[in-house]
Amino acid sequence: METTVKDNKKIVREYIENVFNTGNTEHIAEYISADYVEIFQNETYKLGIEGAIKHVNGVRENYPDIVLTIENQIAEGDWVVTCYTMTGTHSGNWMGMKPTFKKLVINGVDVDRVVNGKITEHGGAANMLHPFLDIGAIKIVGEDE
């Protein structure tokens, strides 16, 4: 099934709204390919559907009220770029940071590849330094000296 750029944007948008923002992974296979991979720091991680479920559940465990709001989407060919604002409460241990139970607002960009109507590849970047500094989850070395 070949999809159009408009279809690809819709698939990514619906995945964010129906799966990621709700935590309901029951229908994740409607959006995620069996050979789904994530790119992180130039490394490719083969996750598949089960890995995608674990990712969603893991994020929501640390940020149970997480919501990604799509600010803009741009697409070309198989690729969809989504600019978003994420809000959520830092409620779990994440990357060695103890929970602060404070609200975070993070801006980021996701890059997804959609092939035959399913997301096959995901990567992106988020501005996380300042939000975590703002809520006191991390501190600059020497700040209190």
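How do the residues lining the largest pocket divide into nonpolar, polar and charged, and how many are there of each? Before the answer, a word on the model: it is predicted, so local features need pLDDT of at least 70 and side-chain atom pairs pLDDT 80 or more, while totals for chains, interfaces and linings use all residues. Numbering runs from 1 along each chain as its sequence is written, and side-chain values use heavy atoms, with hydrogens and water left out.

The lining splits into 29 nonpolar, seven polar and four charged residues. A pocket here is an open set of points on a 1 Å grid where a 1.4 Å probe fits, with protein on both sides within 12 Å along at least five of seven lines, and lining residues have an atom within 4 Å of a point. The largest one has a volume of about 1,200 Å³, that is, the space filled by probe spheres set on the points. Of its 40 lining residues, His55, Val59, Trp94, His122 and Met128 lie nearest the centre. Elements giving two or more residues to this lining include helix 1 (5-20), helix 2 (48-62) and strand 5 (103-115); helices are DSSP runs of H or I with at least four residues, strands runs of E with at least two.

Helix 1 also holds Tyr15. Tyr15 is buried, because its relative accessibility is 11% and the cut-off is under 20% (exposed is over 50%, partly exposed in between, with a 1.4 Å probe and protein chains only). Its C-alpha atom is 7.6 Å from that of Ile28, 13 residues away along the chain.

Over in strand 5 sits Val111, which is partly exposed at 31%.

Note on methods. Ala, Val, Leu, Ile, Met, Phe, Trp, Tyr, Cys and Pro count as nonpolar, Asp, Glu, Lys and Arg as charged, and the others, Gly among them, as polar.
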